[in-house]
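Trainee: Could we go through this structure together, one piece at a time?

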Amino acid sequence: MIFSDRDEAPIALDLHPDWVETVGTGARDLELEVGSGHGGYALAFAARHPDRLLVAVEQRKKFASDLRERAERRGHRGLVVLTGDARLLAPRLFPAGSLAAVHVHFPDPWWKRRHERRRLVDDGMSTLILRLLRPGGLLDFRTDVERYARDAVERLEQAGFENLAGAGKFAERDPDEIPSTREKRYLATGQPVWRLRLGRPREAR
Ligand SMILES: C[S@@+](CC[C@H](N)C(=O)[O-])C[C@H]1O[C@@H](n2cnc3c(N)ncnc32)[C@H](O)[C@@H]1O
């Protein structure tokens with residue numbers, strides 16, 4: 001059993017809960033956002049896709065509880081916000097092959113060389129995300145840090161992802177794409193963003 005540490009009322013969840021049943025929206029597609037921060041992406045996603053279920057995992061309690069309140073106020077039943085470390089929670093929340101998409105937007109850069117190993121997208125997380133995605137499922141990764149982007153593309157392809165833009169390449173921004181809170185700033189200033197759209201291959205390699 002796992003617990004989401006909601007400030008007001010902790011809820012208990014079974015290992016690999018049946019999300020569709022738990023949330024009761026009838027949604028079929030299940031997606032995960034890792035590190036939702038102030039929640040600009042999650043809220044816009046929920047408004048645009050009431051037929052999908054997005055689980056947003058954010059380790060900072062205040063960010064997560066503010067986002068949860070806003071989602072509740074707006075009546076977004078398909079958005080579940082959990083507080084915690086996604087690296088520990090994700091394997092308990094989702095069975096292998098269950099996610100249609102995973103979103104990782106602007107993970108903390110950990111600039112210093114000696115801190116780089118704290119980065120979210122390390123070998124363990126790359127393999128975990130690949131395993132949790134269903135065949136054909138998508139990893140949507142964005143960063144403003146070129147060195148992080150170059151490291152991530154190599155690492156993720158090595159883990160077994162198929163790069164939809166071509167090996168070693170970054171994706172163009174789809175004008176219809178929902179920006180995250182941080183990305184809105186960059187769209188306004190023109191600061192570059194590196195984006196990866198990577199699929200879990202349909203056929204086992
Ligand atoms: C730079 S912010 C970006 C927030 C948001 N994705 C955006 O683009 O506006 C990175 C966020 O990831 C969260 N985070 C970092 N590591 C995490 C982890 N292991 N699990 C969950 N959240 C994490 C941080 O607390 C922070 O809110």
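What follows is a short exchange about one sheet and a helix beside it.

Mentor: This is a predicted model, in which local features need pLDDT of at least 70, side-chain atom pairs count only at pLDDT 80 or more, and totals for chains, interfaces and linings use all residues. Residues are numbered from 1 along each chain as its sequence is written, and side-chain values use heavy atoms, with hydrogens and water left out.

Trainee: In what order do the strands of the open sheet lie?

Mentor: Strands (E, at least two residues) and helices (H or I, at least four residues) are DSSP runs, numbered from the N terminus, and two strands pair if DSSP finds at least two bridges between them. The open sheet has seven strands with mixed pairing, and their order is 5-4-3-6-7-9-8.

Trainee: Which are the edge strands?

Mentor: An edge strand here pairs on one side only. That description fits strand 5 (79-83) and strand 8 (162-163).

Trainee: Which strands does helix 6 touch as it packs on the sheet?

Mentor: Contact means heavy atoms within 4.5 Å. By that rule, helix 6 touches strand 7, strand 8 and strand 9 (194-199).

Trainee: Why are the buried residues on the same side of helix 6?

Mentor: Buried means under 20% relative accessible area, exposed over 50%, and partly exposed in between (1.4 Å probe, protein chains only). Tyr148, Ala149, Ala152, Val153 and Leu156 are buried in helix 6, whereas Glu154 and Gln158, on the other side, are exposed. The buried ones share a side because, taking directions from the helix axis to the C-beta atoms, they cover an arc of only 130°.

Methods
Axes fitted to C-alpha atoms, helices over the stretch in contact; angles between N-to-C directions.
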